[in-house]
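Open the model in your viewer and keep the sequence panel beside it. The stops below each give a selection to make and then what is found there.

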Amino acid sequence: MRLNYYPKHQAGESLASLMLRSSMSQFMTPGELLAKSGSKRPVHAEYQSAVLGKSVQINSILERSGWLPNPVQVELAAKKGFSSWIDFQKTAVCPLCARQGYTPVSHDFKLIRTCSVHKIRLTTHCSDCNQPVNANRPQLDHCRCGKPFKASREAKERETYEAVLLEGWIHEHQLTLLQAYSECLTLLVNRYGFRSYDPKIEQFLSGDETAFFPLFDRLKARFALLPIRVLLAPMACTKSLVLKSLSIRLLNTYSTKTTNKKRKFNKPFWLNLKEFHFSLGIQSRLVKTIESQFFGKRFHRGPSKCCFTH
């Protein structure tokens, strides 16, 4: 389909923003524009294919607009689990950026929860219809229900700092640090029970294991009866090579501080089988030998977990 007008891609603009501006010039939604171009797939599927350069329907529009995909998005789109990083079907938007005429590519990432320019939290749901923000909408700053997006609450200083840090890694194509940060944040919140982001994570991921000492002191106070190796087992068994190497260095350099008051923790601390092997200091080859000789395969059903309770 040939358009009467092809908007020029702005520096740092997201694919969803460019396609919305293209469809708005034709008085359509992105889904209607793609259907006119011959597409039979959902909008989010076409967007992911476009990042990989495989969408014939979108390529003609993108070539005339001068759009180039973000290298981090390209690398993620070629792997499994792309939707855990970027979900074009349910996006987040800064209403103030949208009113100015475009949304940045960094807002496509689920890790980004704050607009670093306007220092407000990104909007994920319409305040009128309470539906998630959808990329297939009639206007850049309006929901599918026809109501304009309203600005969210003002972001805290640490939330803005986190957004600036992550956006820097996205623009510098630091996928390794982004993956390490994502896993580290998941560990801190879901496994260790911390509530939010801590600026010391940046220093820790940069190679300074001593930056994690204050957080580990709090962790030891919470799980006072558990040894250090057990607490570090989840970090040592992550997919990120950065976290694996840092966990070993942290194990070797951290000195346990004795305290008179030992708090009992209320929640159990669980480990999966791989993490339990690490906490015992058993090598993987020895584990396979022991399991093959002394344990039958019929006992290995479902994820094995060992729960530490006191």
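## Helix α10 and its cover

Select helix α10, residues 213-222, where L215, F216, L219 and K220 are buried; buried means under 20% relative accessible area, exposed over 50%, and partly exposed in between (1.4 Å probe, protein chains only). These four lie on the same side of α10, because they cover an arc of only 140° around the axis; the arc is that of the directions from the helix axis to the C-beta atoms. Now add α11 (228-236) and α12 (241-253), against which the buried residues of α10 pack. Contact here means heavy atoms within 4.5 Å. Helices (H or I, at least four residues) and strands (E, at least two) are DSSP runs, numbered from the N terminus.

This is a predicted model, in which local features need pLDDT of at least 70 and side-chain atom pairs count only at pLDDT 80 or more, while totals for chains, interfaces and linings use all residues. Residues are numbered from 1 along each chain as its sequence is written, and side-chain values use heavy atoms, with hydrogens and water left out.

## From α12 to L251

Stay on helix α12 and pick L251, which lies in it. L251 is partly exposed, with a relative accessible area of 21%. Leaving aside neighbours within four places in sequence, the contacts of L251 are I228, R229, L232 and F278. Draw a distance between the C-alpha atoms of L251 and I228: they are 7.1 Å apart, with the two positions 23 residues apart along the chain.

## Helix α3

Next select helix α3, residues 43-51. Which of its residues are buried? They are V43, E46, Y47, S49, A50 and V51. Show α1 (15-24), α2 (30-36), α4 (56-65) and α5 (71-77) as well, since what covers the buried residues of α3 includes these helices. Following α3 is G53, which has a positive phi near 75°.

## Two positive phi values outside glycine

Most residues other than glycine have a negative phi. Go to K119, which is not a glycine but has a positive phi of about 55°. K119 sits in the loop between β1 (114-115) and β2 (120-121), and is partly exposed at a relative accessible area of 48%.

Then move to N130, another residue other than glycine with a positive phi, near 60°. The loop that holds N130 runs between β2 and α7 (157-171). N130 is exposed, with a relative accessible area of 56%.

## Q139

Q139 is also placed in the loop between β2 and α7. Q139 is partly exposed, with a relative accessible area of 34%. Not counting residues up to four places away in sequence, Q139 touches L20 and M24. Its C-alpha atom is 8.7 Å from that of S23, a residue 116 positions away along the chain.

## The largest cavity

Where is the lining of the largest cavity? Select S14, A16, S17, L20, T91, A92, V93, T103, P104, H107, D108 and R137. The search uses a 1 Å grid over the protein atoms alone: a cavity is a set of points where a 1.4 Å probe fits but cannot get out, a pocket is an open set with protein on both sides within 12 Å along at least five of seven lines, and lining residues have an atom within 4 Å of a point. Over the whole structure, one cavity of 30 Å³ or more is found. The largest cavity holds about 80 Å³ of space, a volume being the space filled by probe spheres set on the points, which are joined across faces, edges and corners.

By class, its lining has five nonpolar, five polar and two charged residues. Ala, Val, Leu, Ile, Met, Phe, Trp, Tyr, Cys and Pro count as nonpolar, Asp, Glu, Lys and Arg as charged, and the others, Gly among them, as polar.

## The largest pocket

Now turn to the largest pocket, with a volume of about 430 Å³. Its lining has 16 residues, and W85, Q179, E183, K239 and S240 are the closest to its centre. Select helix α8, residues 175-191, which gives the most to this lining, with four residues. The lining of the largest pocket divides into five nonpolar, seven polar and four charged residues.

## The whole chain

Finally, select the entire protein chain, which has 14 helices and four strands. Of its 310 residues, 45% count as buried.
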